[in-house]
Amino acid sequence: MPFWASNLRPSGAGAGSYLALGVALGLTTSFTLNALLQCKVSRKQLLIRSPRETQLPNLTPEEIDALPYPPDALPGGRDVETSYGVIKVFEWGPEDGEKVLLLHGISTPCLALGNLGQELVRMGYRVMIFDFFGRGYSDTPTDLPYDIRLYTTQILLALASSNLAWTGNDGFHLVGYSLGGGLAVPFAKSFPHMVRSAVLIAGGGLIRPDHVSWKSRLLYSTGIFPEWALEFLVRRRLMPKRREALNETSMATQVVDKPVKKHKDSDANGGDGWDGAHLLAHRPGHTVSAVMDWQLRQHKGFIPAFMSSIRYAPIYQQQKDWIALGRILAERRTEAHWVDAGKRMPGLKGGSILLVLGATDLVVMKEELIHDATAVLGEDGFEAVVLNSGHELVMTNATEVANTIATFWLRLTGTE
């Protein structure tokens, strides 16, 4: 049962909550009848194509290059045909460098990790990033929940699409941002031999349920409103009004309540200054808000993928997977003291993961995550570095994040 369904009724619900629920139940009758009529007319579409097919063929080369997210924005791009639809993958850097797989957030396409990827390539690493299903230039399968099973499948498909060997023992470093961080933990738990190290940047997975508002619980629930009605409401909620800035923080806080006492650093938390933030140093005209606006308007599969990810992806209360990973990390720390290195298990070097957090992050709050990570991983199971930024630190502080990660990897080299 998804998090939203199991927590639909709030504690101490007042008359206003029950009135809202009553109105919803009343309206759902007409919505359902309409939906049933539509089902008779046409079958459910199993795949929604990305702007690669719905927009690009109608544009000139000059118009394509002027898009907030042009398909050649990063080096080494390829379109991977799969039974789940096309996956947009970028892979570049020295072929003999240590490999790094970057996983992006719930709303921004992989372009948001472009600066971090460029920094890591400059340091000599081989980098791969790809658009999650329903984001950027990846298609949207609509008949599957966007849970860890689908995301794990997509990760493995992206890895298998390379001409180089990414899998096997100590295959690659895994770096996940926001939702990507939430995905990194269960993936590393399932494939500990393959993941050389794991880094979570403002990572989800342990976000506390009390940050989710009653309004969001209702909006992202299942079985109350027809799905098409919910998608309409979510799209309207996320669509920019008066051209204000859109970014990972502003979209994430549509679901996660902000604290009563707000931070004053609006530049790092979706304020006016963020509207002009550059995604790529060599494309100064392409801002975060412009990419988000383009995706909302041009990718018809984004809203279904976004909603399903909120419902089913490993974002909230994933203690079970974190505890399991903690046990594996503890085993790796024990093996590190063995004299015979040949008997040590591959993967997760040093028995510790890295958490990179933002001091003013209102989505993944540093105090809560450090406390909760200690409870499931143990004090020796992770290192935490706090940077002076908000939830979007991977974009605004890419160089600092890259240096922090590289320093962590350098220390791991001494444990081999």
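This report walks through a predicted model of a single chain, from its overall make-up to a few local details.

## The chain as a whole

Let's start with the broad view. The chain is built from 16 helices and 12 strands. Of its 416 residues, 56% count as buried. About 17,700 Å² is exposed, and carbon and sulfur atoms supply 55% of that area.

Contacts across the sequence are worth a look too. Among contacts between residues at least 6 apart in sequence, 78% join residues at least 24 apart.

## Aromatic pairs

If you like aromatic side chains, there is plenty to look at here. A search of the whole structure turns up 13 aromatic pairs. In one of them, the ring centres of Phe302 and Phe306 lie 5.6 Å apart with the planes at 35°, so this pair is tilted. Both residues belong to helix H12 (residues 302–312), where being 4 residues apart separates them by about one helical turn. An α-helix has 3.6 residues a turn, so residues three or four places apart point the same way. Phe302 is buried, and Phe306 is buried as well.

Elsewhere, ring pairs join Phe130, Phe132, Tyr146 and Tyr151 into a cluster.

## Helix H6

Tyr151 from that cluster is also one of the buried residues of helix H6. The others are Leu150, Thr152, Gln154, Ile155, Ala158 and Leu159. Helix H6 (residues 148–160) has 13 residues and spans 18 Å from its first C-alpha to its last, close to the 18 Å expected at 1.5 Å a residue.

## Around Thr140

Thr140 sits in strand E6 (residues 140–141). Its relative accessibility is 1%, and because buried means under 20%, Thr140 counts as buried.

Which residues does Thr140 touch, not counting residues up to four places away in sequence? The list is Leu46, Leu47, Ile48, Gly134, Tyr146, His299, Gly301 and Ala305. Tyr146 is a name you have already met, as a member of the aromatic cluster.

## Where H13 meets H14

Finally, have a look at two helices that pack against each other. Helix H13 (residues 319–335) and helix H14 (residues 366–377) cross at an angle of about 60°, and their axes are 8 Å apart.

On the H13 side, the contact involves Gln319, Trp322, Ile323, Gly326, Leu329 and Arg333. These meet Leu369, Ala373, Val376 and Leu377 in H14. The residues of this contact divide into 7 nonpolar, 2 polar and 1 charged.

Methods:
Residues numbered from 1 in each chain as written. Predicted model: local features only at pLDDT ≥ 70, side-chain atom pairs only at ≥ 80, totals over all residues. Heavy atoms only, no water. Phe/Tyr/Trp six-rings, centres within 6.5 Å; stacked < 30°, edge-to-face > 60°. Buried < 20%, exposed > 50% of the residue type's maximum accessible area, 1.4 Å probe, protein only. Contact = heavy atoms within 4.5 Å. Areas by Shrake-Rupley, 256 points an atom, 1.4 Å probe, with all protein chains shown as cover. Axes fitted to C-alpha atoms, helices over the stretch in contact; angles between N-to-C directions. Nonpolar A, V, L, I, M, F, W, Y, C, P; charged D, E, K, R; others polar. Expected span 1.5 Å × (residues − 1).
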